[in-house]
Amino acid sequence: MRIEVAGSTHVGMKRNHNEDNFLMLPDEFLFIVADGMGGHSSGEIASRIAVDELGEFYKMTSKDQDSTWPFKMDKQRNYDENRLATGIKLANARIFEKASSESKYKGMGTTIVSVHFASDVAYVGHVGDSRVYFFRSGVLKQITEDHSLLNDYLKAKKLSPEEVENFPHKNVIVRALGMKEAVQVDVSRVEPQPGDVFLLCSDGLSGMVTDPQMQEILGRTPELDKACSQLIDMANAAGGNDNVTCVLARYHPA
């Protein structure tokens, strides 16, 4: 198995610092995007802790598969699903610990999306409203479900496109790392086909660029680094209201 990857982040057009972080670990077949929140620079710190902790957990468990995990395994999940969920829970614990022990970091948190390729399955873990999509045969499909107030409203009752556009609390998320001592992690699985491209992004991209626009860019731009740049440029051209982060990973079987 080989994963071709590219990633980039941009502060956007309205913010003065970047609270997003991303990590690409091709040797571990692990890719992560995190979108931090909190006053001053604490959002940036939360997202950095998130990607670092998850990355370090994967490195540690690769070297020693018998190492003791900080959380019990969920019997409803297989080893790879548990590994991803546990790494994200560990990141949550570290952020919560720091936010609780230092007053300047009180209230900080972050979203996280991650994809881990294991044999012939891609495992997707996430908390918050950052997203993972996959692009296959010219079609882009969202894998994750936003943990947001808007999405909760959409599930509870149908909103018109105008009501969605004018929804007053679009940026309110109902689940994030660092908010509570424990966190619920969603884990899903996709059986990738040769050439599938996985798109991980913060809402600075998905909130400014429509799914059809993203699909069009991926369809006409096979070079992942160029596609990444074009996606970020389009978000900024649309207003760049937030930090914009994008990671693209193309699956090649053995």
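**Exercise 1. Work out the strand order of the open sheet of five strands, then find its edges.**

*Solution.* Start with the ground rules: this is a predicted model, in which local features need pLDDT of at least 70, side-chain atom pairs count only at pLDDT 80 or more, and totals for chains, interfaces and linings use all residues. Residues are numbered from 1 along each chain as its sequence is written, and side-chain values use heavy atoms, leaving out hydrogens and water.

Step 1: read across the sheet. The order is β1-β11-β10-β7-β8, with antiparallel pairing. Strands here are DSSP runs of E with at least two residues, helices are runs of H or I with at least four, and both are numbered from the N terminus; two strands pair if DSSP finds at least two bridges between them.

Step 2: look for strands that pair on one side only. These edge strands are β1 (2-10) and β8 (139-142).

Step 3: follow one pairing. Nine bridges join β1 to the antiparallel strand β11 (residues 244-252), and H10 has V244 in β11 as its bridge partner.

**Exercise 2. Describe the hairpin that β2 and β3 form.**

*Solution.* Step 1: β2 (residues 20-25) and β3 (residues 30-37) pair in the antiparallel sense over six bridges. Step 2: D20 stands opposite D35 in β3. Step 3: four residues lie between the two strands, and F29 in the turn has a positive phi of about 55°.

**Exercise 3. Is R131 buried or exposed, and what does its side chain contact?**

*Solution.* Step 1: find R131 in strand β7 (residues 131-136). Step 2: its relative accessibility is 16%, so R131 counts as buried (buried means under 20% relative accessible area, exposed over 50%, partly exposed in between, with a 1.4 Å probe and protein chains only). Step 3: the R131 side chain makes a polar contact with the side chain of D146 at 2.7 Å. A polar contact is a pair of N or O atoms within 3.5 Å; within protein, one must be able to donate a hydrogen and the other to accept it, and residues adjacent in sequence count only if both atoms are side-chain atoms. Step 4: leaving aside residues up to four places away in sequence, R131 also touches others, including V113, L199 and D211 (contact means heavy atoms within 4.5 Å).

**Exercise 4. Check the span of helix α2 and find the residue that caps its N-terminal end.**

*Solution.* Step 1: the expected span is 1.5 Å times one less than the number of residues. Step 2: for the 23 residues of α2 (residues 79-101) this gives 33 Å, and the end C-alpha atoms are 33 Å apart, which agrees. Step 3: the cap is N78, with a side-chain oxygen 3.1 Å from the backbone nitrogen of D80.

**Exercise 5. Which buried residues does α7 have, and what do they pack against?**

*Solution.* Step 1: the buried residues are L224, A227, C228, L231, I232, A235 and N236. Step 2: they pack against β1, β10 (197-201), α5 (203-206), α6 (211-220) and β11. Step 3: after α7 comes G239, with a positive phi near 135°.

**Exercise 6. Classify the aromatic pair of F57 and W69.**

*Solution.* Step 1: Phe, Tyr and Trp rings (the six-membered ring of Trp) pair if their centres lie within 6.5 Å; planes under 30 degrees apart are stacked, over 60 edge-to-face, the rest tilted. Step 2: the two centres are 5.6 Å apart with 70° between the planes, making the pair edge-to-face. Step 3: F57 is in helix α1 (residues 42-63) and W69 in the loop between α1 and α2, so the pair ties together parts 12 residues apart in sequence.
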